[in-house]
Amino acid sequence: MTSTKKDPVIVVLQLTGGNDYMNTVIPYSDPLYYENRPNVGYKMEDIIKVDDNLGFMPAMGPIKEMYDQGKVAVIHGIGYPDSPRSHFRSMDIWHTCEPDKVGTEGWAGRVARELDPNKENVLTAINFGHGLPRALAVPGVPVAAISDLGTYGLLTGISDQDQRAKALDLFSRMYSPTVGGSFVTDYLRSTGTEAMIGADIVKVAPERYSSNVEYPSSAIAQHLRDIAQVYMADLGTRVFYTQHASFDTHAGEYAAHPALWKDISEGVSAFFEDLKEHNTGENVIMYLFSEFGRRVRDNGSGTDHGAAGVAFAIGDGVKGGMYGEYPSREAKDLEQGDLVPNYDFRGAYTTIVEDWFGMDATPIVNGNFEKMGYLK
Amino acid sequence: MSNKEDLALMAHLMRRAGFGATWEELEALVDKGYDAVVDELVDPPADRHGGKAELLIRYYPGCLLPGGNPVMGQANWLYNMVSTDKPLEEKMALFWHHVFATGNSKLDNCDQMLTQIQMFRELGMGNYQELILELSKNPAMIYWLDNNENHRDAVNENWGRELLELFTMGVSNYTEVDVREASRAFTGWTITPKLPRQPYGRYPWRFEYREADHDFGEKTFLGQTGNFNGEDIIDIVVKEPATARFICRHLYNFFVADEPQVPAWTIEPARDEEALDNMCNVFEESNYEIREVLRFMLKSDFFKEARFQKIKSPAEVVASTMKMVGSYQFPDPGLARICREPGYMGQDILDPPSVEGWHTGSEWINSGSLLARINFVADSVNKTDLPGMQNIISRMKGEGITTPDELLEGCLDSMGFLALSDETREQLSTHANEGGNLDWSDEAAAAERIAEMMALVGATTEYQFA
């Protein structure tokens, strides 16, 4: 067991583009599945059976192993009413918990603000990848964005250390806060300051890290390896965010979708193995989601934008199993040909915010939503 | 000697309507006169050429048909950005790439991406209806939004939806039924040949209309009923006032000043409603000629007054820095490395994150991308032997720049007549004064001082704006 009990940590893994729920967790005992998926469905014998009715798609072997250890919760039928079926809009809704208007604050950024209200640690939340997902965007909340841990730093090209120190000193003065600046200038200044401090702190992570676990070469596995390094360096990061793309399988789904899930399954498995090797990770859960599921009936070579989807929670702190109900595939129960969500995504966030982080979820998810008992 | 204010205004125009210009180029342009320069930008004279392809092919033959190699595709385009003599044509190609965001992540075919970009060069300043019709026949777009899977008996809504949501009217101006009907009208609009990659390799795609796969049934679209084909849908949708507003707001956001992100457009008023109205009027009165909106916009006071009101996109940061230091005069041996820089700053050209393109403005900035921007400029100006840097240095020497404040001023002017806040100016001036006067008797040391000062100017918040 580990030596110290640490603060709760979350790793959010976004499946960008609309993951096909029905080809991820497959209702294999239902004839309607095979009827609706003549072109991009799996054969009964290829599906990894989980129980008498549901199975994982063939590329999810490593996830199934963790499932058997009781570490994977599958959250069924997740979504929200009246899916706009637009990537853009739907991802915004998942990020901001605002289905009716354009939100400006992200739920994970709000969690970071609650965790570190006085901005004592610029590394409380980190996105691994390019850009800043709206889920982490909250004015005044510093979020580091690290596309590659190995090359992270400011004015790293100045080789003379004395000269670089002077340049960094000037930089810190130029980016110090001012009175009466515009929103954009203030944002630039705080981002620059945080970037400099964060880069300085985070450079210890690769130095402290050594591991026997070999991660695959996929982009998502490399991000997860960077996350493991920063987590194990004890820098106080509590919200890790990363994504994998593109799950927008309108066409060519039969080739693309298993490749994506192979990347995810192998990467996630290596990540948890790495934590285990280092006797740590009991305070880490991972949460996987996508902006919507896809249409029940395939379109010949892929599937179009749908509504209800599936989310996963993984980790030692998770009570493994199936949660909620798979929405009906009966034609009469579909809306515009799509599975109807029966569980609000903000309930899944509420579970994390209250039962994992011990905070009041209402102001974070914009309301009160039913929790799901998938955490220990 | 040109007046400094004229030079600064011309620098503004060339940053927005191109990828920046050197001091010498700005002086020549000021002599021509502002309005004449705008007219040449929107109507390039016949003797102007695009990117210097022959040099690119000699040094980077893989750039011509990069196939599945995105780096070579990006190198091709970036080189065109910095070497073109028709800067606005190239900038408009980037503009349409932002709006009609198509990505190699799905195509795995940079040849087709570059063909699409070439189409934007040729039609990007022309008639909007012609452009959108050509777009709906563009093989990269057809494949990107799956219209090759949109069949008479199995409608795929991807292209039909994005045509309305992202390329013409914007959300909330149409119904789900309109999406369905538009999609039906584009059934049979496909590409050929559809040979698998293995074992044949990549075949160049071309548009094909398959009558047998087209749904000839009656359709009702935006209140009109008829036996519509794709051309009819475009004819109807282009004339919608929502389309003029949507496209002009995109132009304003790209060329004039940062607007909120696109999803907020149905809710947030425009930054300058009057300017937007005027642009829409010009667009509609000219029968949807993009060129005329550009001409009007670039000559307007609202444009001239919008100096440094936009955060530079990563492509702008990289291309304008390359132009400044002159690493483009023949393809830089590091081109294959440099062309990845916009991606490190959050803009993988030829590979936007999704069909909605990139979020712009302050969303370009996060701690990772800001570090990448600052580091790139610093590393570039540090190469003092590059021809652009040599020009800057010898010009400063020729003008007898000696004192620390003259040094700072010379660097600001060399970097696009950048305006600084009093505070930043004082901090940079203090730093410059600590180093004392420039000593031209040791030219290498003087060059290093200039490079250092330019790197620090490049690290200011002010330099992040165009």
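This is a short tutorial dialogue on reading a predicted model with chains A and B.

Student: Where do I start with chain A? What is its secondary structure?

Tutor: Start with the elements. Chain A has 11 helices and 12 strands.

Student: How does the radius of gyration of chain A compare with that of a compact globule?

Tutor: The globule rule sets an expected radius from the number of residues. For 376 residues that value is near 21 Å, and chain A has 21 Å, so the two agree. The C-alpha trace of chain A spans about 70 × 45 × 40 Å along its principal axes. Burial is another reading: 55% of the 376 residues of chain A count as buried.

Student: And chain B? What are its helix and strand counts?

Tutor: Chain B comes to 26 helices and four strands. Its radius of gyration is 24 Å, close to the 23 Å from the globule rule for 466 residues, so chain B is as compact as a globular protein of that length. Its C-alpha trace spans about 80 × 55 × 45 Å along the principal axes. Of its 466 residues, 56% count as buried.

Student: What share of contacts joins residues at least 24 apart in each chain?

Tutor: Take contacts between residues at least 6 apart in sequence. In chain A, 72% of these join residues at least 24 apart. In chain B, the share is 75%.

Student: Which domains does the assignment give for chain A?

Tutor: Two are listed. Domain 1 covers 9–149 + 213–365, and domain 2 covers 153–202. Their C-alpha centres lie 34 Å apart.

Student: How many residues are in contact between domain 1 and domain 2 of chain A?

Tutor: Six residues of domain 1 are in contact with six residues of domain 2. On the domain 1 side, the classes are six nonpolar, no polar and no charged residues.

Student: Now the chain interface. How is its size usually given?

Tutor: Often as the accessible area lost when the parts come together. Here we have contact counts instead: 45 residues of chain A are in contact with 40 residues of chain B.

Student: Which elements of chain A each supply at least two residues to that side?

Tutor: Helix 3 (87–96), strand 7 (144–146), helix 5 (161–174) and helix 6 (183–202). Helix 6 of chain A gives the largest share, 11 residues. By class, the chain A side divides into 19 nonpolar, 19 polar and seven charged residues.

Student: Let us turn to the backbone. What sign does phi have in most residues other than glycine, and are most peptide bonds cis or trans?

Tutor: Phi is negative in most such residues, and most peptide bonds are trans. Now take the exceptions here. A cis peptide bond joins A:Ala245 and A:Ser246, with omega about -5°. A:Ser246 sits in the loop between strand 8 (239–244) and helix 9 (253–277) of chain A. Another cis peptide bond joins B:Thr192 and B:Pro193, with omega about -10°. B:Pro193 is in the loop between strand 1 (189–192) and helix 13 (197–200) of chain B.

Student: What is the phi of A:Cys97, and is the residue buried or exposed?

Tutor: Its phi is near 60°, a positive value in a residue other than glycine. A:Cys97 lies in the loop between helix 3 and helix 4 (107–115) of chain A. The burial cut-off is 20 or more other C-beta atoms within 10 Å. A:Cys97 has 25, so it is buried.

Student: Where is B:Leu222 found?

Tutor: In the loop between strand 3 (219–221) and strand 4 (224–226) of chain B. B:Leu222 also has a positive phi, about 50°, although it is not a glycine. It has 18 C-beta neighbours inside 10 Å, so it counts as partly exposed.

Definitions and conventions:
Residues numbered from 1 in each chain as written. Chains lettered and ligands numbered in written order. Predicted model: local features only at pLDDT ≥ 70, side-chain atom pairs only at ≥ 80, totals over all residues. Domains from an automatic or database assignment. Contact = placed C-beta atoms within 7 Å. Nonpolar A, V, L, I, M, F, W, Y, C, P; charged D, E, K, R; others polar. Buried ≥ 20, exposed ≤ 12 C-beta atoms within 10 Å, placed from the backbone. Rg over C-alpha atoms; globule rule 2.2 N^0.38 Å.
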